[in-house]
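The following exercises concern a ligand site and two sheets. Each task is followed by a solution that proceeds step by step.

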Amino acid sequence: MFGKRGEGGRGPANFDQGGGAPPRAAGGVPVFGHVGELRRDPLGFLRSLPAQGDVVEVGLGPVKAFVVCEPGLVRELLLDDRTFDKGGRFYEKGRQVVGDGLATCTHDRHRRQRRLLQPVFHPGRLPGYARVMTEQAQVVAGSWSDGLVIDVDAQMRKLATATVVRTLFTPHAGVAAETLTAVTHDLLRGLDWRLRNPVRALERLPTPANRRFRRAKEQMRKAVEQAVAAYRRLGADEGDALWVLLQGSGDEGLDAGEIHDQVLTLLIGATETTTDTLAWALYLLARHPGLQQRLHEECVAVTGGERPPWFEDLPQLGFAEQFLTETQRLHPAVWVVTRRARRSAILGPYALPQGATIIFSPYLVHTRADLYPRPEVFDPGRWADRPVRPSVDGTYLPFGAGPRKCIGDRFAMTEMTLALAQIAQQWTLEPLDQAPVQPRARVALTPHGLRLRVRSRT
Ligand code: HEM
């Protein structure tokens, strides 16, 4: 079923090389295409596609999209961002929330923005960020009491939001973070609905949901403006993300609208994904008491149990890293994204028309049985003798790959490893019942409504 390496579209995509049309996925109905399948069971539908082809056409209402299933072709797609640019439904609707920041901008604007933001994520800054990450994990885990039932999403969101604000924006974006916490629900619900609603005109109707979405966007815009104004007044060089962004402003740099979009991109990009991934990790700890115990023992062996885990401990927290790597294999927060073909192109043996929407799904790749035997089984041991860094062969993509790979991947892994280790050292997590939580595949893949009981280890 894999594409034939070395043939057809390897190397830069070129329509002149020829190629056939990808097969159409089974099922679907006239006009609506596969919208029904995607609404009922999006994850099951995605898992069914690799058996039907390396690239498979699906119908999203009247629009055709092409799902890339084979890892080598996914890699090719992601590496050639000139041909396969940001676009398609996911990003077109995403721009309504975060504007035209680093994650959503098209190729022509990307390199400059990435160059500008890269210093914020320089590995040399990580130890400093990690001190804040450790503190924030202590604040959150230290606020629990024996027997408490925690709302996992709320707790992990608190941790993720405070961490990104205190590391990337120092105190100046506090107001923006508070507003973000208050309006995220309305923003993401509005985005989710826009992703699934095929009739654009409905977005403009004065319905209560549309009004809530617009109000949330306006509140966010004002909060970011206030944060930037406060920073400019202080004029301090904190060396953080906002300072870097303001350095880039001026004739050649970013205008006020662009700065707003970058701030929002970083706040949302950093909080939603880490919140969901950590929530899944806590769920899996609770469901696997043996693994939970092993993680606890690793942390105590490293820290002596008397102090929190630190940045310098990371090389010794190998099992914690494997645990998170496997969490992201089975439950990648970013489970599906889209691209737009800027010109007619060849991908493997297939021809894709100019303007085509192309979908890649880390979830689909991560649950292929030929890559991960018994893919539904959570087994951190899979990574014991495999490199746990994102692979370059397209088989492991929680952070994407190529020029548009997540700029915050190391930041996120550091934050999540320290938080998970801190929690496992101090607490035992218990499910409230034995029923597995159902993944909710909306903008992100979330363990919706997850609550767990915490028991003190001391
Ligand atoms: C578990 C945590 C995270 C996950 C799973 C994740 C996942 C991803 C993925 C899959 C992409 C690529 C999307 C595509 O190719 O279309 C991406 C891009 C991006 N992420 Fe993350 N991310 C995480 C954490 C973060 C953090 C902590 C930050 C910032 C502090 C961040 C900021 C960004 C930005 C700005 C981009 C766009 C990069 C570009 O296009 O150059 N992410 N992320």
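A donor is here an N, O or S atom within 2.8 Å of the metal, a cut-off that widens to 3.2 Å for Na, K and Ca; water is not among the atoms, so a site may look incomplete. The model under study is predicted.

**Exercise 1. Determine which protein atom serves as donor to the iron atom of the ligand, and where its residue is found.**

Step 1. Apply the cut-off of 2.8 Å to the iron atom. A single donor from the protein results: SG of C406, 2.3 Å away.

Step 2. Locate the residue in the chain. C406 belongs to the loop between α14 (362-366) and α15.

**Exercise 2. Describe the shell around the ligand: how many residues surround the ligand, which elements supply them, and how do they divide by character?**

Step 1. Count the shell. The ligand is surrounded by 29 residues, and the closest are Y91, H110, R114, R339 and C406.

Step 2. Assign the elements. At least two residues of the shell come from each of α5 (107-117), α11 (256-287), β5 (337-341) and α15 (409-426). Helix α11 provides the largest share, 5 residues.

Step 3. Sort by character. The shell comprises 16 nonpolar, 8 polar and 5 charged residues.

Step 4. Examine the oxygen atoms of the ligand. One oxygen atom of the ligand is 2.3 Å from an N or O atom in the side chain of Y91. For R339, a polar side-chain atom lies 2.7 Å from an oxygen atom of the ligand; for R404, the corresponding distance is 2.8 Å.

**Exercise 3. Establish the strand order of the sheet that contains β8, and explain why one side of each edge strand is left without a neighbour.**

Step 1. Write the order. The open sheet has 5 strands, arranged β1-β2-β8-β5-β3, with mixed pairing.

Step 2. Identify the edges. Because β1 (55-60) and β3 (84-86) each have a single partner strand, one side of each is left without a neighbour in the sheet. From one strand to the next, the twist averages 40°.

Step 3. Inspect the antiparallel pair. Strands β1 and β2 run antiparallel and are joined by 6 bridges, with L60 opposite V63 in β2. Their hairpin has 2 residues between the strands, and G61 takes a positive phi near 65° there.

Step 4. Inspect the parallel pair. Strand β2 (residues 63-68) runs parallel to β8 (residues 357-360), to which 4 bridges join it. Here A65 stands opposite T357, and F66 has I358 as its bridge partner in β8.

Step 5. Add the helix. Helix α3 (residues 71-79) lies across β1, β2, β3, β5 and β8, and runs at about 125° to β8.

**Exercise 4. Carry out the corresponding analysis for the sheet that contains β12.**

Step 1. Write the order. This open sheet has 3 strands in the order β4-β12-β9, and its pairing is antiparallel.

Step 2. Identify the edges. Strands β4 (149-151) and β9 (427-431) each have a single partner strand, so one side of each is left without a neighbour in the sheet. Neighbouring strands are turned by 40° against each other on average, direction ignored.

Step 3. Inspect one pair. Between β4 and β12 (residues 451-456), which run antiparallel, there are 3 bridges; I150 stands opposite L452 in β12.

Step 4. Add the helix. Helix α7 (residues 152-168) lies across β4 and β12, at about 65° to β4.

Methods. Residues numbered from 1 in each chain as written. Predicted model: local features only at pLDDT ≥ 70, side-chain atom pairs only at ≥ 80, totals over all residues. Heavy atoms only, no water. Near = heavy atom within 4 Å. Polar contact = N/O pair within 3.5 Å; in protein donor to acceptor, adjacent residues only side chain to side chain. Nonpolar A, V, L, I, M, F, W, Y, C, P; charged D, E, K, R; others polar. Pairing = 2+ DSSP bridges. Axes fitted to C-alpha atoms, helices over the stretch in contact; angles between N-to-C directions. Contact = heavy atoms within 4.5 Å.
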